[in-house]
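Please take a moment with the sequence and the model below before reading on. The paragraphs after them are meant to be read with both in view, one region at a time.

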Amino acid sequence: MNYINKHFFNTLEIKQSKFIAHFIPFNQYEDKLKELKQEHPKARHFVTAFRYLNEYNQIVEHSSDDGEPKGTSGKPSLMVLQGQGIINSAVIIVRYFGGTKLGTGGLVRAYSDAVNLVLDLSELIEYKEEVNKNISFSYADIGKVEYVCSTCSVDIVKKVFESDAVFEIKGSKTDIEEVLKKLDRLVSVSP
């Protein structure tokens, strides 16, 4: 699965109709939709599709045709996101009508092509499920623990200094396992 962390857009023109596809992180979806509606007051349709992971690690997805014939715009856009394994991302296609009707097949192709075009220029990031662990160890090993975490792409979220040093670390499951393997004799782990 892949996601993005910044905004990308591209424009497709077919028979004088413009399809401006905006590909954005899901957490920016509602604000960007409002912004686009203000920026493009003469646009005819704002077709949307999104997929994100909820707190139970389930994929939630939705699409809207926004006045286009049912199933000709939102669903094909969503299917492109599904086919590419995109999560935690949304696409908004702003359509300016050019005067020539494209028909249902033409609309499906146009919206699918617009989404594919914006995906092609996007910088996709591979999604890795992240976990948090608390590790405790002696003060003498702080430098080694920090070094191993940085080399294994694991973030130190919190540091607490009591009788022992206690770090909350965050990273992908495989990266956390690698850190714990390298620091096996130095740290004890708590959930």
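What follows is a walk through this predicted model, beginning with its sheets, then turning to its aromatic rings and ending with its pocket.

The walk can begin with an open sheet formed by 5 strands, which lie in the order β2-β3-β6-β4-β5 and pair in the antiparallel sense. At its edges are β2, residues 8-14, and β5, residues 59-64, each of which pairs on one side only. If direction is ignored, neighbouring strands of this sheet are turned against each other by 10° on average.

It helps to look at individual pairings within this sheet. The strands β2 and β3 are antiparallel and are paired over 7 bridges, and in this part of the sheet Asn10 stands opposite Ala21 in β3. The hairpin of β2 and β3 has 2 residues between the strands, and in this hairpin Lys15 takes a positive phi near 50°. Elsewhere in the sheet, β4 and β5 also run antiparallel and are joined by 6 bridges, with Tyr52 standing opposite Val60 in β5.

Strand β4 also holds Arg51, and here the reader may ask: is Arg51 buried or exposed? Its relative accessible area is 9%, which lies under the cut-off of 20%, and therefore Arg51 counts as buried. Although Arg51 and Gly85 are 34 residues apart along the chain, their C-alpha atoms are separated by 9.4 Å.

A further open sheet has 4 strands, in the order β9-β10-β8-β11, and its pairing is antiparallel. Here the edge strands are β9 and β11, the latter covering residues 188-190, and each of them pairs on one side only. Neighbouring strands of this sheet are turned by 30° against each other on average, again with direction ignored.

Within this sheet, 6 bridges join β9 to β10, a strand of residues 165-172 that runs antiparallel to β9. One of the residues to find here is Phe161, which stands opposite Ala165 in β10. In strand β8 the reader can find Ile135, which is buried because its relative accessible area is 0%, under the 20% cut-off. The C-alpha atoms of Ile135 and Leu186 are separated by 9.6 Å, while along the chain these two residues are 51 residues apart.

The next topic is the aromatic rings. A pair of such rings is described by two quantities, the distance of the centres and the angle of the planes. How many aromatic pairs does the structure hold? It holds 10 of them, and two of these are worth following in detail.

In the pair of Phe26 and Tyr52, the ring centres are 4.3 Å apart and the planes lie at 20°, an angle under the 30 degrees that serves as the cut-off, so this pair counts as stacked. The pair links distant parts of the chain, since Phe26 belongs to the loop between β3 (17-25) and α1 (29-39), whereas Tyr52 belongs to strand β4 (residues 45-53), 26 residues apart. With a relative accessibility of 25%, Phe26 counts as partly exposed, and Tyr52, at 22%, counts as partly exposed as well.

The other pair consists of Tyr139 and Phe161, whose ring centres are 6.0 Å apart and whose planes lie at 25°, so that this pair, too, is stacked. Distant parts of the chain are linked here as well: Tyr139 is in the loop between β8 (130-137) and α4 (142-151), and Phe161 is in strand β9 (residues 155-161), 22 residues apart. Tyr139 has a relative accessibility of 39% and counts as partly exposed, and Phe161, with 47%, is likewise partly exposed.

Returning to Phe26 and Tyr52, the reader can see them as members of a cluster, in which ring pairs link Phe26, Tyr29, Phe50 and Tyr52.

The last stop is the empty space around the atoms. Where such space is left can be shown by rolling a probe the size of a water molecule over the atoms. The largest pocket of this model has a volume of about 170 Å³. Which residues line the largest pocket? Its lining is made up of Tyr3, Glu126, Tyr127, Lys128, Glu130, Ser153, Gly171, Ser172 and Asp175. Sorted by character, the lining residues divide into 2 nonpolar, 3 polar and 4 charged.

Conventions:
Residues numbered from 1 in each chain as written. Predicted model: local features only at pLDDT ≥ 70, side-chain atom pairs only at ≥ 80, totals over all residues. Heavy atoms only, no water. 1 Å grid on protein atoms, 1.4 Å probe; cavity = no way out; pocket = protein on both sides within 12 Å on 5 of 7 lines; lining within 4 Å. Points joined across faces, edges and corners; volume = space filled by probe spheres on them. Nonpolar A, V, L, I, M, F, W, Y, C, P; charged D, E, K, R; others polar. Phe/Tyr/Trp six-rings, centres within 6.5 Å; stacked < 30°, edge-to-face > 60°. Buried < 20%, exposed > 50% of the residue type's maximum accessible area, 1.4 Å probe, protein only. Pairing = 2+ DSSP bridges. Axes fitted to C-alpha atoms, helices over the stretch in contact; angles between N-to-C directions.
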